[in-house]
Amino acid sequence: MNNSDVIIIGAGPAGLACAASMGARGLNATVLEKENTVGSVWRRHYDRLHLHTDRGHSGLPGMAMPRTYPTYPSREQVVEYLEGYAAHFRLQPVFNTTVLKIARNGSQWIADTNKEAVSAPVVVIATGWADFPYRPFWPGSDTFQGNLIHSSEYRNTSPYLDKRVLVVGFGNSGGEIALDLANARIDTTLAVRGTVQILPRDLLGIPILTWAIAQKSLPTGIVDFINAPVIRLAVGPIERFGLKRAAKGPRRMIEEDGRVPLLDIGTLAKIRDGSIKVRGGIDHFTPDGVVFSDHAAQKFDAVILATGFRPDLRELLPNMNGVLSQEGKPLVSGQATNEPGLYFCGLIASPTGQLREIGLEAKRISDLARQYVKSQKK
């Protein structure tokens, strides 16, 4: 492993895309993966999950998703695709290898692992967000006697039949989990604290991602301004159902706040027909439920926190100046960082689709890595 040009941490979509792109440029990459398989995070996602981005814009570099897949592939199909991708490019990650810390030693990066130290002039962090679920604390939450989990632990509706369930958060996970529960005729409530943006997954019969890509070169303010009327028409009024539309447009919300709007696949219809109830933010928990910010109390048997993820890489990358924010989030992804030979892939939300962005970033990083490795050999 110490003969590698590049160390890649993670064997999910970003890690595999980077490894294949490095190989296409003549670089020898070692992929370190803490689990025992590729795409481990996708294997843990909830059962009903489908891509919110269309198949045509979700393939990784050098290998499109199969045409036999539907427009929006399922979780199982994404896993199958990642397995096929690794086999096609003969990628052989080193499994069951946890990277504990990364540090520079002269011209080399050293990755300390649970097995042995690995070195290379380039390192790419492609770990994704799944290791950093954000779990807010509310007064009384430690006394709640029901089932309290993060959305990353949700699999399907089976444990919630005949129960009253509160889903906290109105991102894509929250919206889809609430829809999953409502379709199973489970008593479902959404807690939505702030303002929201909702987009149709398809607009005028075309995937919304296609529109975002076509407008990518336009300024953010102009894109949000020209799209606002047609989005309002497609989504319809939401205020009457207890939802507040954000003043920021969808693209500005992604770029400034890292918040991805809800791509609606049926959640709004269930809110409109009353199958999903909407309440405001939570003030505090009680042993058998919650009290909302409007002082209304309600009993619940289970609470699912669809409160997102907040990557914090400070432990992995100690004493790295100008690379991470104060919260430990990468300042850039898919570009050169303040530390020569250190790159991140797929760690910042993109308005034009995360898998598509991963592919673009993997190519850019590989070009930069090739130039950097060549310069080190002079």
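The legends below describe close-up views of a predicted model. Local features require pLDDT of at least 70 and side-chain atom pairs count only at pLDDT 80 or more, whereas totals for chains, interfaces and linings use all residues. Residues are numbered from 1 along each chain as its sequence is written, and side-chain values use heavy atoms, with hydrogens and water left out.

**View 1. An open sheet is formed by 4 strands with parallel pairing.** The strand order is 2-1-6-19; strands (E, at least two residues) and helices (H or I, at least four residues) are DSSP runs numbered from the N terminus. Strands count as paired if DSSP finds at least two bridges between them. Strand 2 (29-32) and strand 19 (342-344) are the edge strands, each pairing on one side only. On average, neighbouring strands of this sheet are turned by 20 degrees against each other, direction ignored. Strand 6 (residues 122-125) is joined to strand 19 by 3 bridges, and Val123 has Leu342 in strand 19 as its bridge partner.

**View 2. Helix 9 (residues 354-376) packs on the sheet.** This helix touches strand 6 and strand 19, and its direction makes about 175 degrees with that of strand 19; contact means heavy atoms within 4.5 Å. Angles run from 0 to 180 degrees between N-to-C directions, and axes are lines fitted to C-alpha atoms, for helices over the stretch in contact. Helix 1 (residues 13-24) lies across strand 1 (6-9), strand 2 and strand 6, at about 160 degrees to strand 1.

**View 3. Helix 1 meets helix 3 (residues 75-88).** Their axes come within 10 Å and cross at roughly 20 degrees. The two helices are therefore roughly parallel to each other, a term for angles under 35 degrees. Pro13, Leu16, Ala17 and Ala20 in helix 1 face Leu82, Tyr85 and Ala86 in helix 3 across this contact.

**View 4. Helix 1 also meets helix 9.** The axes of helix 1 and helix 9 come within 8 Å and cross at roughly 40 degrees. Helix 1 and helix 9 are therefore oblique to each other, that is, outside the ranges under 35, over 145 and 65 to 115 degrees. Residues in contact include Ala14 and Cys18 of helix 1, and Ile358 and Ala362 of helix 9.

**View 5. Helix 7 (residues 250-257) has buried residues Pro250, Arg251, Met253 and Ile254.** Buried means under 20% relative accessible area (1.4 Å probe, protein chains only). These residues lie on the same side of helix 7 because they cover an arc of only 165 degrees around the axis, taken from the directions from the helix axis to the C-beta atoms. Their cover includes strand 10 (198-200) and helix 6 (220-235). Just after helix 7, Gly258 takes a positive phi of about 70 degrees.

Note on methods
Buried < 20%, exposed > 50% of the residue type's maximum accessible area, 1.4 Å probe, protein only.
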